[in-house]
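Visitor: Please take me through one part of this model at close range. I would like to know what surrounds it and how it fits into the rest of the chain.

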Amino acid sequence: MAKAAAGSGLLLIREQYLLGALREGAKGRWGLQFLRSPYRFCSTGIILDDINKPVIDRIIRVDHAGEYGANRIYAGQMAVLGRSSVGPVIRQMWEQEKDHLKKMKDLVVLYRVRPTILLPLWDVAGYMLGAGTALLGKKAAMACTVAVEESIASHYNNQIRVLVEEDPEKYKELLQIIKKFRDEEMQHHDTGLDYDAELTPGYSILKNAIQVGCKAAIFLSERI
């Protein structure tokens, strides 16, 4: 009797533990990995075990870092040029970048991706790049926008190719998000050209230097 009661008690404790863990998983704090079974995201229908986790981790990690850095660049530009004639234009682009970052934060949680440890660096570097080019003038700020957005759009195109090669149906929602962001980044790129980015003294040198930095940031953020 004592053994049976003890066994029943252990089963009850185990059942309560599993139910508690499931509730924590629903809150997004634990998930169900400890159960060692596939599970489906309610909103997307994605089964975690069915995705190429290393590829998705790299994509979401670097995109989150990129959108974070872009926000800091526009914050720096607004600090210098916010009250100038291009202030409203920069703010409009920044608002879209805020939406991008919010979505990427959601994806980090949804796919359980570890953000890059370099975010503090991109925080400072992005702001300095935005403010520094803005101090050179409106055209230089727009040249920065052209360089950065062109790099990001090209990077998004590479990711789209990767996901299409993997399974376009499985990653349909992620592809839609990346394509939308790519198109909006190109709109920012074109806005920069419309506001005389190419008339910046030393435009080619400035653009190339910024894009070298962007490539390095992409490489590091994917991996660290």
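Guide: Leaving out residues up to four places away in sequence, L107 touches I60, R112, L174 and I177. The coordinates belong to a predicted model, and that applies to every contact and distance below. L107 has its place in helix α3, which runs over residues 87-110. The relative accessibility of L107 is 5%, so the residue counts as buried. One of its partners, L174, is 67 residues away along the chain, and the C-alpha atoms of L107 and L174 are separated by 9.0 Å. L174 falls within the span of helix α6, residues 172-194, and I60 within that of α2, residues 53-81.

I60 leads on to the nonpolar interior. The largest nonpolar core has 43 residues, and I60 is among those with the most contacts inside it, together with I56 and L163. Helices α2, α3, α5, α6 and α7 are the elements that give two or more residues to this core. Of these, α5 provides the largest share, with twelve residues. Helix α5 covers residues 138-166 and α7 covers 203-223. A second, separate core has five residues, including L118, L119, W122 and A217.

L163 shows what one of the most connected core residues touches. Not counting residues up to four places away in sequence, its partners are I56, I59, P168, Y171, L174, L175 and I178. I56 is thus a partner of L163 as well as another of the residues with the most contacts in the core. L174 appears here too, as a partner of L163 and of L107.

Helix α3 also carries E97, and with it the view moves from nonpolar to acidic residues. What is the relative accessibility of E97? The value is 0%, so E97 counts as buried. Beyond its neighbours within four places in sequence, E97 is in contact with E67, A70, N71, Y74, E149, E185 and H188. N71, one of these partners, has its place in helix α2. With a relative accessibility of 9%, N71 counts as buried. Its own contacts, again leaving aside neighbours within four places, are W94, E97, K98 and L101.

Two UniProt annotations concern this region. The first, "binding site" in an unreviewed entry, covers E67, E97, H100 and E185. These residues span 119 residues in sequence, yet no two of their C-alpha atoms are more than 10.4 Å apart, so they gather at one spot. From this set, E97 is part of the lining of the largest cavity. The second annotation, also named "binding site" in an unreviewed entry, lists E97, E149, E185 and H188. That set is spread over 92 residues of sequence, but it clusters in space, with a largest C-alpha distance of 10.9 Å. Here the lining of the largest cavity takes in E97 and E149. E97 and E185 are named in both annotations.

E185 and H188 are two further residues to follow. E185 lies in helix α6 and is buried, with a relative accessible area of 0%. Setting aside neighbours within four places in sequence, its contacts are E67, E97, H100, E149, I152 and Y156. The side chains of E185 and H100 are also joined by a polar contact of 3.2 Å. H188 lies in helix α6 as well, and it is buried with a relative accessible area of 2%. Apart from residues up to four places away, H188 touches Y74, M93, Q96, E97, T145 and E149. E149 is therefore a partner that E97, E185 and H188 share, because each of their contact lists names E149 under a cut-off of 4.5 Å.

How does this part sit within the whole chain? The chain has seven helices and zero strands, in the pattern α-α-α-α-α-α-α along the sequence. Buried residues make up 42% of its 224 residues. Among contacts with a separation of 6 or more, 78% are between residues 24 or more positions apart. The pair L107 and L174, 67 residues apart along the chain, is one that touches across such a separation. The accessible surface of the chain comes to about 12,600 Å², and carbon and sulfur atoms account for 59% of that area.

Notes:
Residues are numbered from 1 along each chain as its sequence is written. This is a predicted model: local features need pLDDT of at least 70, side-chain atom pairs count only at pLDDT 80 or more; totals for chains, interfaces and linings use all residues. Side-chain values use heavy atoms; hydrogens and water are left out. UniProt positions are given in the numbering used here, feature names are shortened, and annotations may be inferred rather than shown by experiment. On a 1 Å grid over the protein atoms alone, a cavity is a set of points where a 1.4 Å probe fits but cannot get out, and a pocket is an open set with protein on both sides within 12 Å along at least five of seven lines; lining residues have an atom within 4 Å of a point. Helices (H or I, at least four residues) and strands (E, at least two) are DSSP runs, numbered from the N terminus. Buried means under 20% relative accessible area, exposed over 50%, partly exposed in between (1.4 Å probe, protein chains only). A polar contact is a pair of N or O atoms within 3.5 Å; within protein, one must be able to donate a hydrogen and the other to accept it, and residues adjacent in sequence count only if both atoms are side-chain atoms. A nonpolar core is a set of buried Ala, Val, Leu, Ile, Met, Phe, Trp, Tyr and Cys residues joined through side-chain atoms within 4.5 Å. Accessible areas come from the Shrake-Rupley method with a 1.4 Å probe; for residues, only the protein chains shown count as cover.
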